[in-house]
Amino acid sequence: MFVKKAQLLWGLFNGDYAFAGPFSATVDITDRCNLRCPGCLYHSPIINKIRPRPDTEKSSDISLSLWRKTCDELYAHGTNTLVITGEGEPLLYDQVFDLISIAKERGFFVILLTNGTKLDTRNMRFMVESQLDVLRVTIWANSIAEYRRTYPDADLTNYHRVPLNLKELAIITDGSEFRLQTVLLC
Ligand code: SF4
């Protein structure tokens, strides 16, 4: 650890060359999303920086082969934590649990970020089997009215369903190393 920190520091002083890889890497696995948050850089109907994609269009999803290559290269450079996120919702990617399993086989600590709308009993069980370390769920609302404003096109039942699913997940994972982090922004 000390050697790696020294290498990172040396790279900062050098400015032209990195002598070690990062401790943590954030990997974007898809740019599809099922929500259209007004404040989103990628899917906001207001900002409209990029063309919002239908949530079924898979052309930009990371391939399993590129994921394996990415894991191998990061591991070789001493990275120990992978954060799975996207310019969209990672749980729309139907092989996301395979990605997690591959990363865990390589020895990474894995964190998955989600808007929580795709959590259900089936994929929560897959999540546990994949040995995910941390699930981080972000909900930008503390009331149904706030939820309606923040997610104008979303199914309003999500507001109650997501916390219920998280309670179920807490029961499923009770006693394990798994950590659930809910970020409530309002
Ligand atoms: S859930 Fe995230 S990626 Fe999807 S629209 Fe909202 S902020 Fe953007």
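What follows is a short chat about the rings, the ligand site and the hollows of this model.

User: Before we start, what kind of model is this, and how are residues numbered?

Analyst: It's a predicted model, where local features need pLDDT of at least 70, side-chain atom pairs count only at pLDDT 80 or more, and totals for chains, interfaces and linings use all residues. Residues are numbered from 1 along each chain as its sequence is written, and side-chain values use heavy atoms, with hydrogens and water left out.

User: Why is the Trp10 and Phe19 pair called tilted?

Analyst: A search of the whole structure turns up six aromatic pairs. In the one between Trp10 and Phe19, the centres are 6.2 Å apart and the planes 40 degrees apart. Rings of Phe, Tyr and Trp (its six-membered ring) pair if their centres lie within 6.5 Å; under 30 degrees counts as stacked, over 60 as edge-to-face and the rest as tilted, so this pair is tilted.

User: And what makes Tyr17 and Phe19 edge-to-face?

Analyst: Their planes are 65 degrees apart, with 5.0 Å centre to centre. That angle is over 60, so edge-to-face it is. Ring pairs link Trp10, Tyr17 and Phe19 into a cluster.

User: Are Tyr17 and Phe19 buried or exposed?

Analyst: Buried means under 20% relative accessible area, exposed over 50%, and partly exposed in between (1.4 Å probe, protein chains only). Tyr17 has 53%, so Tyr17 is exposed; Phe19 has 31%, so Phe19 is partly exposed.

User: How do you know which residues surround the ligand?

Analyst: A residue counts as near if one of its heavy atoms lies within 4 Å of the molecule. Cys33, Leu35, Cys37, Cys40, His43, Gly88 and Asn115 surround the ligand.

User: What makes four of that shell nonpolar?

Analyst: Ala, Val, Leu, Ile, Met, Phe, Trp, Tyr, Cys and Pro count as nonpolar, Asp, Glu, Lys and Arg as charged, and the others, Gly among them, as polar. By that scheme the shell has four nonpolar, three polar and no charged residues.

User: Which residues line the largest cavity, and why is it called a cavity?

Analyst: On a 1 Å grid over the protein atoms alone, a cavity is a set of points where a 1.4 Å probe fits but cannot get out; lining residues have an atom within 4 Å of a point. The lining here is Leu35, Asn115, Thr117, Thr138, Ile139, Tyr147, Tyr151 and Val162. Its residues divide into five nonpolar, three polar and no charged.

Notes
1 Å grid on protein atoms, 1.4 Å probe; cavity = no way out; pocket = protein on both sides within 12 Å on 5 of 7 lines; lining within 4 Å.
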